[in-house]
Each structure stands twice: as structure tokens, then as C-alpha cells.
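Q: I am new to this structure and would love a close look at the place where the small molecules are bound. Could you walk me through the surroundings of each ligand, step by step?

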Amino acid sequence: MQEKQPKPPLLLLSSQLSLQNRGYEVTLNSAFLSWKEVETRQKRTAANIYGPLKAAGSHYVPVCEIISVQETEEDCPSTGIGKWQKVPQSLAESNQYAFTVSYVERTQKHRWRCSEVTLHCTDRTLCLQWVQAIREQLSLLTIRPKRLLVYINPYGGKHRGKRIYEQKVAPIFSRASISTDVIITERANHARDHLKTEADLKKYDGVVCVGGDGMFSEIIHGLISRTQCDSGVDQNRADETLIPCSLRIGIIPAGSTDCICYATVGSNDPVTSALHIVVGDSQPMDVCSIHHNNTFLRYSVSLLGYGFYGDVLTDSERKRWMGPARYDISGVKTFLSHHYYEGTISFLPADENVGTPRDKLQCRSGCNICRLPSADKQVSKDEESISDTEKKGVWQVIRGKFLAINAACMSCACPRSPKGLSPAAHLANGTADLILVRKCSRFDFLRHLLRHTNKDDQFDHPFVEVYRVRQFRFTPRYEETDSELELREAEGSGRKRFFSQICREHPACTCSLAHSSWNCDGEILPHAAIQVRVHCQLIKLFARGIEEQSVFEEPYTLSAI
Ligand SMILES: CCCCCCCCCCCCC/C=C/[C@@H](O)[C@H](COP(=O)(O)O)NC(=O)CCCCCCCCCCCCCCC
Ligand SMILES: Nc1ncnc2c1ncn2[C@@H]1O[C@H](COP(=O)(O)OP(=O)(O)O)[C@@H](O)[C@H]1O
Ligand SMILES: [Ca+2]
């Protein structure tokens, strides 16, 4: 059978306009705006006056990456991006009407910038015709948000949230004609509570948070709780199928780790994030629900860590005044204290079709694994949901002494660890990677930690295990019931049984009774015994996942189209 060819883009407008005093063939079709230099004898002469003649260049901007178009008011024609040049009088007079197109330009390290091109026309009618034609194309992009609710945490990271928003983000939103309602939070959980009970969400196309992972966590708690409440879903039931949130969330990074932004966009740059919001990107994301017995505790999207990362966080909270450096100081301190914790982890492994944590392939824009039509996606309440695949699975149980128990629902890439805690974790495949670091020497643990900062495989140690899971439970040794302990001791040697009896009777002994806490996206959980379940694609972000590097390195050229 012959493959259906995609329809060629529809030509909408084509004119000879001028840019930097050179003639350009400018074309707008339904997919691209392009401008290509026209080399006439006359232009060559004009250009030669001011500089060497460059090779005729073609530029292509996808319509979906145009931010805005404006008629440019100029007393004297400008000759390009922000530069004023001497212009021959005849050209100046004949090109006094102009319009400016702002568009996304990719720079290094997945960063986006707002670039501009000003094109000059000989008459105003033509100029207005261009502005109108481009605006019409932009109005067809209905995925773009028009009205946003913005929450700013003024105390996140280095306390720069408000300034970052006002100086770098608000001008981009206003250029893209996005209207905003801005709330500067006055206390912790202000944003969560406002979203949960007060905000008139029908008015908005999305919610934006300016802050760190903790601020993002507030937003998802507000939105998810509100959505479940409106649909009559009880969050306290660990086996409930949750209803996905319809509003997309944007993150303007202004926190200490910013791993949720970094792992979904590829950088922690406020301008890049603002541009992903403007173009209306959409990235679904998994969320873990955490329960203690039958009480809902929290949701998590990045790191859920007991032992090392829990202790780093507990210590770092006392050093908040230090800003982001608190994590490094507390990290060194916790590393030196070298505590281990005993407990039991049981988990439900994921099927192989959602990949494995040791895959070389990483989750990237348009990821095929996250696009798989999975039976585990969130479905409406009355449909059969988790049950089938999850019931079929066989739970595995691991007992032991651990330095760290980490669950990563996504890679957790951040500037401290550019490939993240679990480099092959997916953003939206309905699973989390469970990483168990067993008791080992300080030196070995340091080798493991160091591998988070380079290309070596941090799972390739005999004391590290990693599993891709849909659900897991953890019970610290000191909370195990008598029957569980007896069963366990019956498995152990007589000597071990004797010592464990002593430990239980003498709480001051810390060899097996040490307590840690769970670090849940940078917040401490009030219980150590927890049940965790991954909810596939419960929320959506204004992001597209990390783009392949080649997209950044190659500007659009004729051959690429
Ligand atoms: C020797 C160098 C070792 C570097 C090891 C780096 C591992 C980094 C993994 C980072 C995972 C981050 C997961 C993200 C969690 C965030 O959600 C969460 C909240 O973010 P927010 O503050 O923006 O609201 N952030 C955190 O919990 C912070 C975790 C930061 C951990 C830093 C650990 C540094 C460890 C340094 C050990 C040094 C040992 C040196 C011995 C001589
Ligand atoms: N106005 C406020 N005053 C105090 N704490 C706040 C305020 N707004 C938000 N918070 C809380 O601050 C904590 C840290 O915020 P976050 O944005 O994650 O910054 P950081 O990355 O530096 O930890 C979160 O627990 C959040 O709930
Ligand atoms: Ca995931």
C-alpha cells in the first residue's frame, strides 16, 4: 500500500521586504515564516558600502515558535535587531513601515531565547497585511494559554523569585498577550490552600509557580486535591483511581534544586520556561501517592528518599538561611555520619514494556515508552482501572540494612547531577525507579555518589540494586509487628536473634533501631512506614521533555525541512 504523503504547507503570503538594508524574499505558509536574501546587483552595491557581503542566508521559523508580531513604530528605519546603522536616504524613505516578529531561538544547553527580526515594507497596507496574516496563524494555535494564575514564593532559593518574574518572565507573557493574575505567597501552603478551595479555576488556562520543587509540590497538591474533591474521589483510599488534572502547570525555576524544571525542560532557566509556557507545550507526568495505613500523606513527583536524602533534608532545614548551599553542607555532614537503617521493602515490579532502570535510552521529547497505550493510564472512575495489571503482578520483598532507599518518579536531573538519580527514568510511563543502597563502606558510598556527577553508572556496584516499580511499601525495622519480626528472626541465626532481642529491650541501642525520615520532593514526611503508588500521567506541565541535542545544535536550514 502506498504511504499517504503529508500535505504540503499552504502558501499564505510572499513579498520582497527589506532587512538590514538588504532585500529578502519573505514567505509565510501554514507551517513556517521564512526569509531568504535576494541578491540583486543594486542590493550588492548598497550592502558593500557597510560591510562584506555574506553568503545568501535563509531563515525558517516554525509558526508554532513565533511569540508575537507587532507593527514597529520608527522615526527612522532600524536595520536589524536593536542596532542603528547609517542608511542611505533613498532606502530610508522607501522602507519606513516595518513589523517585528519575536520568535524562539535555541541556544546552548537546552536554553531558549526570545529573538527578533524587523522587516521593512514600502507601504503601510503591505505592512498591516503581514501583521494580520501572522496574527491569524497564531490565533489558530489554540493550545497556547491566554490567561494564567501565577504564584510566586518570594523566599525560595536565593529569594529572587519576585525579581525573576518581574524582570524576565512578565515581559515575555505581556509580549505574547497572556494576561495573568499574580499572587505572592505570604506563608507556606498559601498557594496550595488557595488552589484547593478558593481559586476560580475556570478562568484560567494554566497555573504557574515561581519557586523550587517545594513550590511546585504545593501547586500539585492544591490542583490534585481540588480535582478529586470535585469528582468525589477519596484521596485517603490508597487503591483509588485518581482523576487527572486538566489545567497545565508551568514552573519558573527560582528554588534551590529545581529538579522538576530541569528534568522536564533540560535547563533551569526562567526565560526558557516562560517560552515553553507561551508556545503552549504539554508534557504529561506521573505522580506518586503516599499513604500511611489508610491515611493520605502526600504526593511526590521527584525524589522520595529515606536514609541519606531524608537526613540531608532534615539537617538542611535548620540551615535555610544559607540558601541552596545548605544541601551541600548537610550532604557532607550526613555523608560523614554514615548511618544505616533497617527495614523491609515490598514492591510490585513493572512490566518490561515500560523499560528498565538500566536502559541506555533516556526519556526525551516525544518519548516512545511514555506514548505507549498503557493499561495503567488514568481512566475514568467507572472503568476497570489499575486493578487488572496490578493484581496480576507478584510482589517482591527485600529486607536489609540500607544507607539510602530512593524512589525516583523521573530522572531527578538537576545542576548537581545533570543525568539525575535515575538517568533512564521516564516522565510519564506510570512507574518509579526504586534504588536500594545497602550498607557499605564510606569509601564505596562516596564512589556511588560521585557517579551521579559523571558518566559512570551509579547502579553498577554490588551494594546497589534498582527496580522499576508501580507500587511499593516500606516498614522500618522498629515498626515491624511482633509476628513479622518473629518470622524474620526464625529465618536468622540464633546469635542474631539474641542481639535483636537485646536491641528491642534497650531502645538506646541504635544498631538496628535508628530512625530516618522520608524526603518527599524536599518536604519531610511525618511517618516512616508508607505505601506508595504511581499514578500514570496524573498531571500536565507546560514543557515537552528534554529535546535531543541535535535540535539545539542545528538551526533550521533548507536541508532540515
Ligand atoms: C561527592 C559529590 C556527590 C554529589 C551527589 C549528588 C547527588 C544529587 C542527586 C540529587 C537528587 C535531587 C533530587 C531532587 C530533590 C528535590 O525535589 C528536593 C527539593 O528541591 P527544592 O529545594 O528546589 O525545593 N531537593 C533535595 O531534596 C535536595 C537534595 C540534595 C542532595 C544534595 C546532596 C549533596 C551530597 C554531597 C555529598 C558530599 C560527600 C562529600 C564527602 C567528602
Ligand atoms: N511566603 C512563604 N513564606 C514561607 N514559606 C513559603 C512561602 N511560600 C512558599 N513557602 C514554602 O517554602 C518552602 C520552600 O519553597 P521552594 O520554592 O521549594 O524553595 P527551595 O527550593 O529554596 O526549597 C516550601 O515548603 C513552600 O511551601
Ligand atoms: Ca515515571
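## Around the two ligands

A: Let's start with ligand 2: the space that this molecule takes up is the largest pocket. Please keep in mind that you are looking at a predicted model. Around ligand 2 there are 20 residues, and the closest of them are Gly157, Gly212, Gly214, Glu218 and Ser256. Sorted by class, this shell holds nine polar, seven charged and four nonpolar residues. If you follow the helices, α6 is the one that gives the most to the shell of ligand 2, with four residues.

Now zoom in on single atoms. Ser256 brings an N or O atom of its side chain to 2.6 Å from an oxygen atom of ligand 2. Gly214 takes part through its backbone, where a polar atom is 2.8 Å from an oxygen atom of the ligand. Thr185 uses its side chain instead: a polar atom there lies 2.8 Å from a nitrogen atom of ligand 2. As for cover, ligand 2 exposes 570 Å² when taken alone, and the protein buries 86% of that.

Next, turn to ligand 1, which also sits in the largest pocket. Its surroundings number 26 residues, with Asp213, Thr257, Ser302, Tyr327 and Asn519 coming nearest. The class count here is eleven polar, ten nonpolar and five charged residues. Three helices, α6 (213-230), α10 (325-337) and α13 (442-450), each supply at least two residues of this shell. Among the contributors, α10 gives the most, with four residues.

A few atoms are worth finding here too. In Tyr327, a polar side-chain atom lies 2.6 Å from an oxygen atom of ligand 1. Gly214, which you met beside ligand 2, has a backbone N or O atom 3.1 Å from an oxygen atom of ligand 1. Ser256 is another familiar name from the surroundings of ligand 2; a polar atom of the Ser256 backbone is 3.4 Å from an oxygen atom of ligand 1. On its own, ligand 1 has 940 Å² of accessible area, of which the protein covers 87%.

So, to gather the picture of the two residues that turned up twice: Ser256 reaches ligand 2 with its side chain and ligand 1 with its backbone, while Gly214 offers backbone atoms to ligand 2 and to ligand 1.

How values were computed: Residues are numbered from 1 along each chain as its sequence is written. Chains are lettered from A and ligands numbered from 1 in the order in which they are written. This is a predicted model: local features need pLDDT of at least 70, side-chain atom pairs count only at pLDDT 80 or more; totals for chains, interfaces and linings use all residues. Side-chain values use heavy atoms; hydrogens and water are left out. A residue is near a molecule or strand if one of its heavy atoms lies within 4 Å of it. A polar contact is a pair of N or O atoms within 3.5 Å; within protein, one must be able to donate a hydrogen and the other to accept it, and residues adjacent in sequence count only if both atoms are side-chain atoms. Accessible areas come from the Shrake-Rupley method with a 1.4 Å probe; for residues, only the protein chains shown count as cover. On a 1 Å grid over the protein atoms alone, a cavity is a set of points where a 1.4 Å probe fits but cannot get out, and a pocket is an open set with protein on both sides within 12 Å along at least five of seven lines; lining residues have an atom within 4 Å of a point. A molecule sits in a cavity or pocket if more than half of its atoms lie within 2 Å of its grid points. Ala, Val, Leu, Ile, Met, Phe, Trp, Tyr, Cys and Pro count as nonpolar, Asp, Glu, Lys and Arg as charged, and the others, Gly among them, as polar.
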